[in-house]
Amino acid sequence: MKHSRRYLVGISALLVLVVGGGVALGRALNKDDELAEDRTPKSMDVILAEIRSLMQDYSIEAYIVPSVDAHNSEYISEHDRRLQYVTNFTGSAGTAIITLGKAALWTDSRYHLQADGELDAAHWTLMREGLPGVPTRDEWLLAHLSPGALVGTDPFLIASTEYGRLGAVLADRGYRLIALERNLVDIVWNNRPPQTADELLPLPLAYSGRRAADKVQAVRVTLQEHGANAIIVSALDEIAWLLNLRGSDILYNPVFFAYLIVSHTHLHLYTNADRINATVRAHLATEGVGELEVRDYRDILPGIDEYVRGGNRLMVSTACSQALYAAIPADQRLQQYSPVAKLKAVKNAVEAAGMRRAHVRDGAAVVRYLHWLEQSVDGGNVTELSGAAQLHDFRRQQDLFVDLSFAAISAFGPNGAIVHYSPSDDTDRPITRDGIYLIDSGGQYLDGTTDVTRSVHLGEPTAFQRECFTRVLKGFLSVAAAVFPVRASGTTFDVLARKALWDVGLDYGHGTGHGIGAFLGVHEYPPSFVSNSASPSNQGLVENMFSSNEPGYYEPGQFGVRIEDIVQVVNATAATAPYDFNGRGALTFHTNTLVPIQQRLIERALLSPAELAQLNAYHRRVLEEVGPLLLQQNDPGAHQWLTEATKEMVAAS
């Protein structure tokens with residue numbers, strides 16, 4: 001079937017979508033097109049051939065396929081896994097570019113090994129971002145386009161800031177970036193999973209700590225300060241947080257597909273209206289949100305147009321899609337880092353207390369698992385998958401457990417070197433005493449979200465493995481003990497975490513820390529501990545932000561080491577920081593995660609007396625806080641294991 005040569009550019013074109021009934025938005029995110037009768041899976045060469053045929057119909061030489069959904073989500077639903085469909089790559093971060101003759105995928109160091117195993121080299125070239133000699137997406141595009149060429153993308157799947165940046169790069173060389181009215185992957189995806197629109201879960205004040213009406217009022221204060229009439233909230237976790245509602249539209253992420261427009265007097269929620277039932281409306285009334293008007297999810301562009309025609313000035317975030325951005329005339333548009341994200345990042349007292357309680361229960365689950373693993377490994381039937389399933393079962397037994405916060409990274413031996421490895425039937429390895437086992441996992445509880453990584457060796461580690469582990473541990477302890485001024489940059493902690501590795505020429509390719517939600521996303525921003533000081537999520541630390549602390553080291557083909565805790569930003573004591581940074585305010589971290597760090601992998605000679613004392617103090621806390629819960633759960637064996645695992649370490653003789 002041939003398609004007319006149509007593409008959309010700017011506000012006038014997006015208004016065509018509005019008049020035409022929201023073709024792209026309705027198709028992509030709420031209601032599928034009528035699919036072809038033949039739902040037989042297509043081969044890679046057929047998929048690419050059909051996309052390239054469509055590219056010719058639309059007169060474009062390159063087509064960009066990102067990994068996100070229309071809400072710029074990191075984790076997405078099966079319905080939105082367009083990148084996976086065209087590449088077979090299952091990682092959570094990547095960008096594909098398809099030209100009429102070539103196809104390439106860019107992904108960061110967390111996924112280099114994974115992508116190498118998943119891509120079909122006959123059709124795809126892997127671009128390992130960050131490595132010397134690897135062209136950037138911009139460089140590659142500029143080298144593969146003919147004069148005056150057009151590059152196409154879906155305006156709902158590219159952030160407005162990236163659309164503007166890339167558009168300027170291309171225009172400078174005589175090319176054009178255009179927004180297509182149809183997503184080409186959607187057209188060829190004949191067996192696409194349906195979109196989810198499950199029931200919503202009201203989150204009581206006992207867990208949220210702040211009424212939705214009060215959160216909305218804080219947003220309205222921001223609108224007033226910036227002279228805006230309304231804000232378009234498109235990030236799913238921000239909507240869930242604002243309304244104290246949770247969903248299950250994306251696996252492991254308690255969010256739901258929606259847009260929200262907040263004005264000084266009204267709230268317009270765009271979602272599947274069927275799930276705003278009597279229970280949800282009663283919850284919203286209790287939360288003080290009586291003026292909420294619910295509209296169909298597909299009507300977001302017409303809704304924006306109503307505000308525009310009313311002469312309103314609209315605020316959007318820097319992460320919003322080009323589709324939303326372009327729907328607002330420049331003189332009525334105000335764009336900045338999301339004020340809702342900033343509010344959400346600072347947990348209130350109830351959320352902070354809930355996070356601490358959740359980590360005690362989660363610690364008990366992980367301790368029970370590590371004890372079980374030590375007991376069971378010699379049976380020869382423990383694998384990465386069966387181990388992860390057992391850990392899930394221990395979490396499921398904990399109070400207030402709802403779900404996992406992500407699929408466990410259960411990785412033995414060489415699989416541990418794949419930073420975001422996910423075991424499958426094809427890759428599942430037995431766990432034995434002959435290598436390092438890395439387990440990165442977390443849970444969603446009504447009162448908090450957890451994320452913890454421990455690396456253990458159940459046999460006799462090599463000297464190199466102990467050195468790598470201990471240098472990772474030194475960086476980990478350095479971050480955990482840091483004292484710093486209010487609004488300190490996340491780059492500070494990234495350097496602290498790497499120094500002991502850098503001292504001997506080792507490093508890791510991922511960031512050192514990410515924010516985490518309170519019964520929300522396991523990754524949320526701000527804060528962010530990364531090397532790039534220009535990262536938008538590097539907003540500076542304030543009290544009651546929560547972040548991971550997770551340095552690592554990965555030896556390709558052999559092993560991976562990572563240690564990860566969730567830390568809470570708290571005020572430092574006068575004894576710790578007597579000069580208080582000249583009145584600026586002194587902060588430090590409180591470690592929430594309560595799981596022992598394996599002593600067998602530690603090279604004690606590399607630890608200073610202060611580091612040994614810090615580790616011993618942490619282990620005393622773990623035993624004091626998790627130990628009683630293990631006995632309460634009638635697991636004296638795990639309690640005894642924990643007692644041994646947290647025994648005091650002494651300096652090497």
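## Figure legends: the whole chain and five close-ups

In this predicted model, residues 24 or more positions apart account for 72% of the contacts in the protein chain with a separation of 6 or more.

**Figure 1. The whole chain, with its 22 helices and 28 strands.** The radius of gyration is 25 Å, close to the 26 Å that the globule rule gives for 653 residues, so the protein chain is as compact as a globular protein of that length. If you are setting up a frame around the chain, the C-alpha atoms fill a box of roughly 75 × 55 × 50 Å along the principal axes. Of the 653 residues, 60% are buried. The chain exposes about 25,000 Å², and carbon and sulfur atoms supply 51% of that area. As for charge, there are 56 positive and 75 negative side chains, with the centres of the two sets 3 Å apart.

**Figure 2. Two spans that carry domain names in UniProt.** The record, an unreviewed entry, lists residues 49-170 as "domain: Creatinase N-terminal". This span is 33% helix and 19% strand, and its end C-alpha atoms lie 25 Å apart. For residues 586-648, the unreviewed UniProt entry gives "domain: Peptidase M24 C-terminal". Here the make-up is 54% helix and 10% strand, with 30 Å between the end C-alpha atoms.

**Figure 3. Helix α11, residues 236-243, in its surroundings.** Let us take this helix from end to end: 8 of its 8 residues are buried, so α11 is largely enclosed by the rest of the structure. The buried set includes the charged pair Asp237 and Glu238, along with Leu236, Ile239, Ala240, Trp241, Leu242 and Leu243. An α-helix has 3.6 residues a turn, so residues three or four places apart point the same way. Just after α11 comes Asn244, and its phi is positive, near 55°.

**Figure 4. Arg395 in helix α17, which covers residues 384-396.** Is this arginine, Arg395, buried or exposed? Arg395 has a relative accessible area of 1%, which is under the 20% cut-off, so it counts as buried. Beyond its neighbours within four places in sequence, Arg395 is in contact with residues from several stretches of the chain, among them Asp362, Ala365 and Val366. Phe401 and Leu404 also touch Arg395, as do Ser441, Gly442, Gly443 and Tyr445. Thr450 and Val452 are in the set of contacts too.

**Figure 5. Leu334 in strand β14, residues 333-336.** Leu334 is buried, with a relative accessible area of 15%. Which residues does Leu334 touch, not counting those up to four places away in sequence? They are His226 and Ala228, together with the run Arg313, Leu314, Met315 and Val316. For a longer view, the C-alpha atoms of Leu334 and Leu83 are separated by 31 Å, and the two residues are 251 apart along the chain.

**Figure 6. Glu74 in the loop between β1 (62-66) and α4 (82-87).** Glu74 has a relative accessible area of 24% and is partly exposed. Leaving out residues up to four places away in sequence, Glu74 touches Ser92, Arg110 and His523. Glu524 is also worth finding in this view: although Glu74 and Glu524 are 450 residues apart along the chain, their C-alpha atoms are separated by 9.5 Å.

Notes: Residues numbered from 1 in each chain as written. Predicted model: local features only at pLDDT ≥ 70, side-chain atom pairs only at ≥ 80, totals over all residues. Heavy atoms only, no water. Helix = DSSP H or I, 4+ residues; strand = E, 2+ residues; numbered from the N terminus. Rg over C-alpha atoms; globule rule 2.2 N^0.38 Å. Buried < 20%, exposed > 50% of the residue type's maximum accessible area, 1.4 Å probe, protein only. Contact = heavy atoms within 4.5 Å. Areas by Shrake-Rupley, 256 points an atom, 1.4 Å probe, with all protein chains shown as cover. Charge placed at Lys NZ, Arg CZ, Asp CG, Glu CD. UniProt positions renumbered as here; feature names shortened; annotations may be inferred.
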